[in-house]
Amino acid sequence: MSATTLIRQAAVFDGTRLLSRRDVLISDAEIVAVGSDLPVPADATVIDGTGRTLLPGLIDAHTHTTSVGQLRQALVFGVTTELCMGGDAATSRRVRAVAQTRDDVADLRIATVGATAPGGHPGQLVEIGLLAPFPTVAGPEYADAFVAQRIAEGADHLKIFIEDGTVIGHAMPTLSSETIIALVEAAHARGLRTAAHTWTRSAAQQAIACGVDVLAHAPSDGHSDQELVEAAAAAGKFVVPTMTTLAGMSLTPVEFELAEDPRLRPYADPDWLSALEHVRTTEPAQRVGPIAVQAMHGADAAVRMFRLGVPLLVGTDATGGADHPTTHGISYHGELALLVRAGLTPAQALTAATSTAATAFALEDRGRIAQGLRADLLLVRGNPVEDITALRDIDTIWRRGVRVDRRATLSAAELVRS
Ligand SMILES: [Zn+2]
């Protein structure tokens with residue numbers, strides 16, 4: 001099979017804007033040329049891009065990835081990179097190692113263990129046996145050693161929990177601002193970006209004041225006042241609204257609609273589809289109505305920050321649980337729809353999904369279509385800059401220049417092993 005591919009006459013969304021009728025040449029894992037009427041190399045596979053749009057592979061800026069099967073689901077929906085915001089170090093490392101050696105799953109960057117105070121969130125999950133015990137940070141003097149340990153266990157970025165438990169009705173100790181500042185300094189000194197878990201306005205405020213790079217949620221525990229919105233903009237922080245995960249707890253998860261979309265459904269994990277059906281038919285009465293109000297506050301804060309210049313990222317907060325509708329890959333299309341519904345243009349949402357995410361996490365080899373970058377690419381029918389849902393109508397996905405067979409299923413053995 002030829003390792004050279006020429007995509008001709010496609011509209012190209014290059015990570016920030018739409019260019020009409022361009023040719024893009026891929027050789028092995030790299031984009032080697034972008035132009036008009038490029039010569040056709042003798043050994044090239046030629047793809048007619050007429051009526052189609054070529055985009056950089058999508059980046060999910062907030063996941064909790066625990067299996068290769070999840071990375072497979074991400075990739076078949078066009079997500080070529082997942083940024084895991086915390087999990088067991090050995091599991092994270094093992095899944096990332098698999099992603100480095102094969103091209104039929106999405107790539108992965110990992111946080112390993114997030115920083116929290118002794119007894120802090122998510123330590124309550126250790127108490128009930130859902131999480132294995134993990135190291136914590138007792139004060140600023142322990143920050144440097146904590147970050148060094150995360151790097152030693154393979155972390156690509158640092159996750160910091162800012163969660164006092166008020167929203168979940170279970171008060172918990174939190175990191176002091178001095179400790180968060182020390183963690184951010186230690187991470188930056190060692191070349192790591194930092195992201196903080198920030199569901200509340202006070203958490204967002206503290207993350208901004210302490211110099212954290214990325215707010216991994218939009219604050220949603222009430223109306224964000226103008227002071228907070230302006231502080232986020234002045235500090236130049238990135239925000240991942242994660243609207244789909246709040247919607248997933250509400251009476252109307254966006255996934256109900258995604259699962260019915262004939263452009264998406266054939267590629268969805270059958271186990272997820274049946275878990276979703278279970279949610280739809282048995283749980284509506286138990287689902288949380290007030291979450292819809294939180295979702296509204298989160299969306300409002302994110303869009304007001306965006307209007308003042310805060311770059312937004314697209315993240316699902318997908319986990320592996322069957323009890324929550326938000327999942328890897330397909331839910332990303334829901335997050336994009338929610339961002340557009342909240343007021344972003346499709347082009348702004350696509351920029352958030354690609355080049356902004358790459359900038360936020362210093363992934364210099366991806367997130368744009370340009371010579372020399374990785375050939376993580378997505379060819380879709382129609383124009384997602386006019387209609388964001390055109391992104392669901394996927395023609396071809398390339399990961400590192402390798403064309404993805406979306407219909408292939410990973411063998412049970414592969415999934416068990418991974
Ligand atoms: Zn998360």
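Helices (H or I, at least four residues) and strands (E, at least two) are DSSP runs, numbered from the N terminus. By that numbering, Pro122 lies in the loop between strand S8 (107-109) and helix H3 (124-127). The model is predicted: local features need pLDDT of at least 70, side-chain atom pairs count only at pLDDT 80 or more, and totals for chains, interfaces and linings use all residues. Residues are numbered from 1 along each chain as its sequence is written. The points below cover two parallel sheets, two helix crossings and several loop residues.

**Sheet S6-S7-S8**

- Three strands, in the order S6-S7-S8, make up an open sheet with parallel pairing; two strands pair if DSSP finds at least two bridges between them.
- S6 and S8 are the edge strands with a single partner strand each, so one side of each has no neighbour in the sheet.
- On average, neighbouring strands of this sheet are turned by 20 degrees against each other, direction ignored; axes are lines fitted to C-alpha atoms, for helices over the stretch in contact, and angles run from 0 to 180 degrees between N-to-C directions.
- Strand S6 (residues 58-63) is joined to S7 by 4 bridges, and the two run parallel.
- Within that pairing, Asp60 stands opposite Glu82 in S7.
- S7 and S8 also run parallel, joined by 3 bridges, and Leu83 has Arg109 in S8 as its bridge partner.
- Strand S7 (residues 79-84) is mostly covered, with 6 of its 6 residues buried; a residue is buried if 20 or more other C-beta atoms lie within 10 Å of its own, exposed if 12 or fewer, and partly exposed in between, with C-beta atoms placed from the backbone.

**Sheet S9-S10-S11-S12**

- A further open sheet has 4 strands in the order S9-S10-S11-S12, with parallel pairing.
- Strand S9 (158-161) and strand S12 (238-239) are its edge strands, each pairing on one side only.
- Strand S10 (residues 194-197) pairs with strand S11 (residues 214-215) in the parallel sense over 2 bridges, and Ala195 stands opposite Val214 in S11.
- Strands of a sheet pair through backbone hydrogen bonds, either parallel or antiparallel.

**Helix crossings**

- The axes of helix H4 (residues 143-152) and helix H5 (residues 177-189) come within 8 Å and cross at roughly 45 degrees.
- This makes H4 oblique to H5; angles under 35 degrees count as roughly parallel, over 145 as roughly antiparallel, 65 to 115 as roughly perpendicular and the rest as oblique.
- The H4 and H5 crossing is right-handed; a crossing is left-handed if the near helix is turned anticlockwise from the far one by less than a right angle, and right-handed if clockwise.
- From H4, Ala143, Asp144, Phe146 and Val147 meet Thr179, Ala182, Leu183, Ala186 and Ala187 of H5; two residues are in contact if their C-beta atoms, placed from the backbone, lie within 7 Å.
- By class, the contact of H4 with H5 has 7 nonpolar, 1 polar and 1 charged residues; Ala, Val, Leu, Ile, Met, Phe, Trp, Tyr, Cys and Pro count as nonpolar, Asp, Glu, Lys and Arg as charged, and the others, Gly among them, as polar.
- Helix H7 (residues 226-235) and helix H11 (residues 291-307) have axes that come within 9 Å and cross at roughly 45 degrees.
- H7 and H11 are therefore oblique to each other, and their crossing is right-handed.
- Val229, Ala232 and Ala233 of H7 make the contact with Ala301, Arg304 and Met305 of H11.
- The contact of H7 with H11 divides into 5 nonpolar, no polar and 1 charged residues.

**Backbone exceptions**

- Most residues other than glycine have a negative phi, and most peptide bonds are trans.
- His121 and Pro122 are joined by a cis peptide bond, with omega about 0 degrees.
- Thr112, not a glycine, has a positive phi of about 55 degrees.
- Thr112 is placed in the loop between S8 and H3 and is buried, with 25 other C-beta atoms within 10 Å.
- Arg400, in the loop between strand S14 (394-399) and strand S15 (402-403), has a positive phi near 50 degrees.
- Arg400 counts as partly exposed, with 18 C-beta neighbours inside 10 Å.

**Arg374**

- Arg374 is in the loop between helix H13 (346-360) and strand S13 (377-381).
- Arg374 counts as buried, with 24 C-beta neighbours inside 10 Å.
- Not counting residues up to four places away in sequence, Arg374 touches Ala29, Glu30, Asp365, Arg366 and Arg400.
- The C-alpha atoms of Arg374 and Glu335 are separated by 25 Å, and the two residues are 39 residues apart along the chain.
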